[in-house]
Amino acid sequence: MRPRTLAALVTAAAVTTTAVALAPTAASAAPTDLFISEYVEGSSNNKAIELYNGTGSAIDLAAGGYQLRIYFNGNTSPSSLPLTGTVAPGDVFVFASASAAAAILAQADQTTGASLFNGDDAIVLAKGDAVLDSIGQVGVDPGTEWGSGLTSTADNTLRRLPSITSGDTDPTDPFDPAVQWAGFPTDTFDGLGWHSIGDGPVDEPATLTCGAPLVTELGTAASRDVTATDTDDTITDLDITAVSPAPASGSISRTAFTPAESVGGTATATVTASAGLPAGTYAVTLTSTDTDGTSATCTLSVQVSTVLTVGEVQGQTRDDESARDDRSPLAPPSGNGTSASTYDVQGVITQKLLTRASSGADQYGFFLQSRLGSADGDPLTSDGIFVFMGGYQTLIGGYAPTVGDEVVLRGKVSEYYNLTEFSSASLVRKLASGLDVNTAVEVTDAVPPVDSVQADYFWERHEGMRLRVRAGSSVTGPRDVFGSTADSEIWVIDRDDPLLERADPYARRVFRDAHPLDDQPGLFDNGNGQRILLGGGGVKATSGDSGTLLPPARTFDTVGADAYGASYYSFNKYSVQVEAVTFSAGVDPATNNPPRPADRSREVAVATYNLENLYDYRDDPFDGCDFTGNSGCPGVTPPFDYVPASEAEYTARLGVEARQIINSLHSPDLILVQEAEDQDICSVSGGELVCGTTNNADGAPDTVQELALTIAASGGPAYAAAYDRTGSDARGITSAFLYRTDRLSLAPADPTDPVLGATPQVDYRSAGLPGNADVQNPKALNAVLPADVDTSTGVDGANVYTRAPQVGKFVVAAAPGSADHYTLWAIGNHFSSTPDARVGQRREQAAYGAALVKAIEAADPDARVVLGGDLNVFPVRTTRSPRRPTRPRRTSSARCTGPACTTCGTTWWPTSRWRRTRTPSAARPRRWTTCSSTDGCTATSCRSARRTSTRTIPRTPPASATGAPATTTRRWPGSAPGRRCPSPTFRYRRATGARPR
């Protein structure tokens, strides 16, 4: 650590009092540990915390376990930053942002690239588990700041009063900075790097305020007042002492000076940059002098800028670089960050954008594009850019962006998850207004190439530019809506795409996997770059309501009229944020080879159905994360937004799903269900669901039972529900079975059964989990993820599955009412999501499923086995590294659902149906104990953690219970079984609106 003294701050006569300045007087208690002596919350990344050591002994921060904890936005869970280094007695330690101003970094002992605090974030200095000091109030979000004026935590510097010798050790008590702190204006750094306590005769340094950079356009003079104040002396001079680099022409000079009138008064100097100053950035050092001869300095940045085109800000996207990783040459070279310099850019405001953060806060912005005739003319640069405004509806200075205005803006250049942005912007001048943006700027038809890599170049070279989605473009999948942000998305392809020339209207589709109807049949995946994503930020801005959605659309619908919007990049996807869009109805997807009913006299129909986060409107008292407002689930990103808005909405959803099962799937005999809430506080009694306060009430998920009751009430057959709750994941979703009670029943669980028994004979290369020893039917089986699995593309938890497969053994009547029966094994899966992530883990999930099938067949060579469920999307053959998630306000990942049925040694993979999930999977933490023999559950594993359950015998669901969609219909003989699968027939069924990709 560098030594610090007061020698530069006091006169020669005062040097003898240095020891007094660094130690408390007799009237003050000596500090016993570190405390926070200065807090800097300045512009941009100018953030720093200074710690003072007045103990008289050196302090080793790492050995002592010292750390700063930051509690963002009222959160009670901190972001911890361990401290390292040694603080000498009487010295200070400065922790700062790595992107802070040079004046801060010159004093910094430790820096971080992580995001630091704002004025509404509480800060705690801790030593191990002990709290030494705090700023703010943990668990409280004050809105913007604690305190007011200069003694507030937002946009100010706070210095601990010399009389304070210990910290605030109660971080939850009310906080008023004025009690213990002195306040100074934004970006005051001159006191950083030293501190004194007590009442000794200390010559306090002057406070200089140079302020934000002085920015002027080339050929235009500009001035700025710089001030200096000394609390215990009088400022007699304030002048420029250095300019770097020295200007080749023109000048930077002090053109006026007013000295302070008395002790504590303010001196003012006017700094003027002449009109002849060349373009560039100049560091101007101003030095103050007081009556004692003590000096202090600050640095004013003078920037002489030229007005840039948007293309100059965006920079080229060359063929030899990754389009998605392309950055502005003016932004920091890596990561999310903002330029230190400001720039002037000219363009036309073409469109506003309104989005919603997951917290519910509105986020504003607009698109700026160079006017025709003033663009840079370079086809490798985009002529548009997004201007980010955050929660404000006006720019700095109060200008409200107006579509059709041509303006010169001054701001900084940012990269936010590979979206180039203009930020911290203000209006320099307005050049024109009332322009027709569709004629004032270049409008390009949104027709990207088919090849996904080339499509990326198309989008990146048009980022922020105005595009047209042409009337007649065809919808390739239904609207997606993301709950917490109210974001909506629809994929389309251009009207001139060759796919739309096919005579069969149902053949006008795109496919990810090799398919005879793909745009290039037989090719596994060319990326289908011709797809165009319509985003909802434009329609939100048009309506002024961040809850506005794109109108609903189905596969094969068409865009009714030309739709206009700017190109945008977010969540690893390029999109066109259309201002308005309409759709014309196309052919009904439900009539595309609809499934036929099974011949139940000689067939059994098996379906998979993903309920897509089916949560009821009941708050489970045994679960901390199943309802809005709960504390949350381990490993699940808040907010928890799966709960329906009302009981009526939940009931309506059950009705839709029941009708799909009855009408679209023709009431299959067995349904492998995914994404049901694992809550179990209800039981079926008298044909209705009765709920109480008993956990694990009847061994069947409440939502699936309620779905079964809705099916029956809608005229469908009676279904029963069954599951093993230990197969659920961190947010409480589980797989389960729905089976028709007029045809199927669960076989008794035998302790000697090679799969469902106490010692499952699953030949897999790592240890099974303790719960595998449960004796029950159905049963969730899982294993420890082998240590050699490739986790370079990500991993969910320490086990093979985050949602363990449900294995069920069913007794099936050869035909309804038949006395002949045979056994059917079903394995219901829910693999990890996304095509290019968790690749190694997903391969192990497939391998474990194969091991389950082999274990069943080893015990019964004639076993009938169905393996299916939501197997999600498999990786492309040339696997790319997963891209980091963008915009932390939401998380989404594409996945597909579809059955894979294994029998007679063959596996069939049907065409996938793509869906989306809002929350990344995470392993549910579990602990396992062994029950005592006194309660009859000897050698039975019991789970205790998030919920507790004891299982000794298989649960038999009630006869009347509850239960989209892809169905497998399989022909088996109507009499006692002989050789397996003499002539298997597979029929894959989908609900209305199912889409490829």
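# Reasoning from value to term in a predicted model

Student: A108 is placed in the loop between α3 (102-105) and β8 (110-112). Why does A108 count as buried?

Tutor: The model is a predicted one, and the values are computed from it. A108 has 18% relative accessibility. The cut-off for buried is under 20% relative accessible area, so A108 counts as buried.

Student: Which separations, in sequence and in space, go with A108 and V94?

Tutor: Along the chain, A108 and V94 are 14 residues apart. In space, their C-alpha atoms are 4.8 Å apart.

Student: What makes strand β50 (residues 864-870) largely enclosed by the rest of the structure?

Tutor: Seven of the seven residues of β50 are buried, and therefore the strand is described as largely enclosed by the rest of the structure.

Student: How do you know that β49 and β50 pair?

Tutor: Two strands pair if there are at least two bridges between them. Seven bridges link β49 and β50, in the parallel sense, so the criterion of at least two is met. One position to look at is G828, which stands opposite G868 in β50.

Student: What makes β4 (residues 66-71) and β5 a pair, and in which sense do they run?

Tutor: Four bridges join β4 to β5, and the cut-off is at least two, so the two strands pair. They run antiparallel. R69 stands opposite S80 in β5.

Student: In what order do the strands of the open sheet with β4 and β5 lie?

Tutor: The order is β5-β4-β9-β10, four strands with antiparallel pairing.

Student: Why are β5 (79-82) and β10 (130-135) called edge strands?

Tutor: Each of β5 and β10 pairs on one side only. From one strand to the next, the twist of this sheet averages 25 degrees.

Student: How many disulfides does the structure hold?

Tutor: There are two disulfides.

Student: What makes C210 and C298 a disulfide?

Tutor: Their S to S distance is 2.0 Å. The criterion is sulfur atoms within 2.5 Å, so C210 and C298 form a disulfide.

Student: Why is the disulfide of C210 and C298 called right-handed?

Tutor: The torsion about its S-S bond is about 70 degrees, so the disulfide is right-handed. The pair links distant parts of the chain, 88 residues apart. C210 is in the loop between β15 (207-209) and β16 (214-217), while C298 is in strand β22 (residues 295-305). Both cysteines are buried.

Student: How do you know that C682 and C691 form a disulfide?

Tutor: Their sulfur atoms are 1.9 Å apart, and the limit is 2.5 Å, so the pair qualifies. The link of C682 and C691 is right-handed, with 100 degrees about the S-S bond.

Student: Which terms apply to C682 and to C691: buried, partly exposed or exposed?

Tutor: C682 has 0% relative accessibility and so counts as buried. C691 has a relative accessible area of 33%. Buried ends at 20% and exposed begins over 50%, so C691 is called partly exposed.

Student: What makes S667 and R838 worth listing for phi?

Tutor: Most residues other than glycine have a negative phi. S667 is not a glycine, yet its phi is positive, about 50 degrees. R838 is likewise not a glycine and has a positive phi of about 55 degrees.

Student: Where do S667 and R838 lie, and are they buried or exposed?

Tutor: S667 is in the loop between α8 and β41 (670-677). R838 is in the loop between β49 (821-830) and α10 (839-859). With relative accessible areas of 9% for S667 and 12% for R838, and a cut-off of under 20%, both are buried.

Student: Why is the peptide bond from S244 to P245 called cis?

Tutor: Its omega is near -10 degrees, and the bond is cis. P245 is found in the loop between β18 (235-244) and β19 (252-258). A cis peptide bond also joins N777 and P778, with omega about 0 degrees. P778 is in the loop between β46 (744-746) and β47 (779-780).

Student: What angle and axis distance describe the packing of α8 (residues 647-664) and α9 (residues 702-713)?

Tutor: The angle is about 65 degrees, and the axes are 9 Å apart. The crossing of α8 past α9 is right-handed. The contact residues divide into seven nonpolar, three polar and two charged; among them are L654 and I661 in α8 and L707 and I711 in α9.

Key: Residues numbered from 1 in each chain as written. Predicted model: local features only at pLDDT ≥ 70, side-chain atom pairs only at ≥ 80, totals over all residues. Heavy atoms only, no water. Axes fitted to C-alpha atoms, helices over the stretch in contact; angles between N-to-C directions. Left-handed = near helix turned anticlockwise from the far one by under 90°. Contact = heavy atoms within 4.5 Å. Nonpolar A, V, L, I, M, F, W, Y, C, P; charged D, E, K, R; others polar. Buried < 20%, exposed > 50% of the residue type's maximum accessible area, 1.4 Å probe, protein only.
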